[in-house]
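Me: I would like a close look at one part of this structure, the surroundings of the ligand. Please keep the answer connected and plain.

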Amino acid sequence: MNSAQRIFEAIVTTRHADGGIHTVPLGFRHEGDAVVLSPFRPSTTLDNILRDRHAVLNLVDDVRIFAGCLTGRHDWPTEEARDIPGRRLAGALAHMELRLDRVEDDPVRPRLICLQVHAETHAPFRGFNRAQAAVIEACILASRLGLLAEDKIRSEIAYLAFAIVKTAGPEELEAWGWVVGRIEDHFRLMAPGGSA
Ligand SMILES: Cc1cc2nc3c(=O)[nH]c(=O)nc-3n(C[C@H](O)[C@H](O)[C@H](O)COP(=O)(O)O)c2cc1C
């Protein structure tokens, strides 16, 4: 695997037609000078970028934002972007302001090739935290609830919980609670006699 295939996880903020801000976790790749986003259709982020031609990539270590977006908590503080129409997350360690350069279209997962218009660092990287990585992995499991077997999800959550117990701070604990709560809600609904 070469470095262009390495995927990073970020929070992407885009603008709705009415100017409202849409906030979602999204993977991205660096390919030369470009930043490549690959949203699965249907996607509000895709619609917003195709219409607006801009997006902000927010690099965050507050994993509550990842967990929050997956569990209906979308309202995170933002600030005006510097060089493009749009907003960045106020809590981002760094952000990149992107302009859409071209689209490699695909019926399932188009590739949005974006160029960096402006990049800014707001706070230092504090080091690798296993609980943050565990929350991100749990978010991935929670985003695939209909696709993975319950046993597999439960055993992976049990393993990830070790990193939470050993290395989490209050933010990671809160994020973990949101994601595990979402997973438990799903299984309750799926159980015989389960109801909304
Ligand atoms: C860590 C993480 C990475 C994700 N990366 C992607 C991605 O690369 N493409 C995608 O379509 N969805 C990805 N998702 C799922 C989206 O965040 C989720 O489906 C969201 O609702 C998409 O919103 P949209 O309608 O604006 O596309 C990711 C989720 C997480 C937690």
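In which pocket does the ligand sit? Please go on from there to the residues around the ligand, and then to any unusual backbone geometry.

Reply: This is a predicted model, and in it the ligand occupies the largest pocket. Three elements each give two or more residues to the shell around the ligand: β2 (21-31), α1 (44-52) and α3 (130-142). Of these, β2 contributes the most, with five residues. The shell also draws on two domains, taking at least three residues from domain 1 (3-121) and at least three from domain 2 (130-190).

In total, 16 residues surround the ligand, and those that come nearest are His22, Pro25, Phe40, Ser43 and Thr45. By residue class, the shell divides into eight nonpolar, six polar and two charged residues.

Polar atoms of the protein and the ligand pair up at several places. At His22, a polar side-chain atom lies 2.6 Å from a ligand oxygen. Arg109 also uses its side chain, where an N or O atom is 3.0 Å from an oxygen atom of the ligand. Ser38 takes part through its backbone instead: a polar backbone atom there is 3.2 Å from a nitrogen atom of the ligand. As for the surface covered, the ligand taken alone exposes 630 Å², and the protein buries 78% of that.

Two points of backbone geometry complete the picture. The peptide bond that joins Arg41 and Pro42 is cis, with omega at about -10°. Pro42 belongs to the loop between β3 (34-37) and α1, and α1 is one of the elements that give two or more residues to the shell. The other point concerns Arg53, found in the loop between α1 and β4 (54-59). Arg53 is not a glycine, yet its phi is positive, near 70°.

Notes: Residues numbered from 1 in each chain as written. Predicted model: local features only at pLDDT ≥ 70, side-chain atom pairs only at ≥ 80, totals over all residues. Heavy atoms only, no water. Near = heavy atom within 4 Å. Polar contact = N/O pair within 3.5 Å; in protein donor to acceptor, adjacent residues only side chain to side chain. Areas by Shrake-Rupley, 256 points an atom, 1.4 Å probe, with all protein chains shown as cover. 1 Å grid on protein atoms, 1.4 Å probe; cavity = no way out; pocket = protein on both sides within 12 Å on 5 of 7 lines; lining within 4 Å. Sits in = over half its atoms within 2 Å of the grid points. Helix = DSSP H or I, 4+ residues; strand = E, 2+ residues; numbered from the N terminus. Nonpolar A, V, L, I, M, F, W, Y, C, P; charged D, E, K, R; others polar. Domains from an automatic or database assignment.
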